[in-house]
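Hi,

Here is the structure I promised to pass on. Have a look at it first, and then read my notes on the aromatic side chains below.

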Amino acid sequence: MRRGKRKFDDDDSTFLKRGGPGPQLKEDPDLPDEGDRWSTWDGALQGPEPRPDWVRTEHGAVDTELGMVKTGKEADVFLVRRYLPATGQFSMLAAKRYRDGDHRLFHRDAGYLEGRRVRRSREMRAMTNRTSFGKEMIAGQWSAAEFGALSHLWQLGRESGLIRVPYPVQLIGTELLIEFIGDWETGEAAPRLAQVRAGQDELEDLWRQMVDALSILARAQVAHGDLSPYNTLVHEGRLVLIDLPQIIDVITNPQGADFLARDVKNVAAWFTSRGVDTKTDSVIERLLYEAGLL
């Protein structure tokens with residue numbers, strides 16, 4: 001496996017070489033003969049069915065951490081190879097690990113969390129006041145929200161063919177394991193949209209794909225909430241939406257329409273600067289109508 005600079009869903013593209021298995025691996029007295037740890041599949045919340053053939057569900061699979069792909073404001077992302085020694089079958093995963101309450105840098109919680117509720121008033125107060133317990137609750141909400149969003153959108157993409165997101169393999173605690181989008185043999189991640197150098201025809205096709213994806217989101221009455229050319233990948237000619245912990249329910253969130261419009265404007269500005277006629281206002285009006293906000 002080549003170990004070069006890799007980018008995946010990154011705010012900071014610095015690649016930090018792995019110094020060894022994390023603490024949870026060192027404490028395990030029953031380590032496999034190869035790899036860093038046994039697969040955590042059995043103890044996790046598992047992705048939607050029907051699962052892709054490449055998802056390794058076998059008890060004998062082992063995980064090997066290949067390096068830190070990115071360090072971001074809310075989570076760190078690692079490249080993990082899940083391998084079945086008996087057959088040689090493997091899958092490449094991105095392990096997104098949300099930080100605990102003492103190390104989180106969420107600075108955008110208030111607007112995104114509007115419309116999200118928990119059952120107990122004590123927990124809601126703790127989240128609102130950003131106590132240590134409240135921050136842990138928020139951490140759990142962000143990871144669970146992203147897992148839920150990816151699961152739902154992956155199923156919508158499978159049915160419609162109009163939106164693509166990484167398959168969410170599993171969630172355990174605040175560690176989310178998802179499909180690695182890129183070259184599994186070299187470990188090179190697919191480029192972000194912002195990195196793509198394309199001709200006019202390809203740009204117009206990518207914009208059509210973006211509008212289709214935004215339409216699917218609107219019909220599901222959600223908005224990405226932080227969509228930009230930096231958290232959209234281009235793989236084999238297809239757009240792939242990533243980084244969805246802040247997904248917005250545009251009906252229950254009072255700012256839902258604003259988030260939807262902002263997503264459109266953020267990506268449309270990039271395409272417009274490259275000569276694509278995006279008809280931004282018309283797209284926003286159409287999406288608001290599809291979301292039931294007009």
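Which residues do ring pairs link into a cluster? Ring pairs join W54, F90, W154, Y167 and W184 in this way. Please keep in mind that this is a predicted model.

Searching the whole structure turned up six aromatic pairs. One of them is F90 with W184, a tilted pair with 6.4 Å from centre to centre and 45° between the planes. This pair connects distant parts of the chain, 94 residues apart: F90 belongs to strand β5 (residues 90-98), while W184 is in the loop between β8 (182-183) and β9 (188-189). Both F90 and W184 are buried.

Another pair you may want to bring up on screen is W207 with F271. The ring centres of W207 and F271 are 5.2 Å apart and their planes stand at 55°, so this pair counts as tilted; the angle range for that class runs between the under 30 degrees of stacked rings and the over 60 of edge-to-face ones. Here, too, distant parts of the chain are linked: W207 sits in helix α5 (residues 200-219) and F271 in helix α6 (residues 256-272), 64 residues apart. W207 and F271 are both buried.

Finally, there are two arginines to look at. R81 lies over the face of F90, 4.8 Å from the ring centre, and F90 is also a member of the cluster above. R97 has its charged end over the ring of F78, at 4.4 Å from the centre of that ring.

Happy viewing, and best wishes

Methods
Residues numbered from 1 in each chain as written. Predicted model: local features only at pLDDT ≥ 70, side-chain atom pairs only at ≥ 80, totals over all residues. Heavy atoms only, no water. Phe/Tyr/Trp six-rings, centres within 6.5 Å; stacked < 30°, edge-to-face > 60°. Helix = DSSP H or I, 4+ residues; strand = E, 2+ residues; numbered from the N terminus. Buried < 20%, exposed > 50% of the residue type's maximum accessible area, 1.4 Å probe, protein only. Lys NZ or Arg CZ within 6 Å of the ring centre and 35° of its normal.
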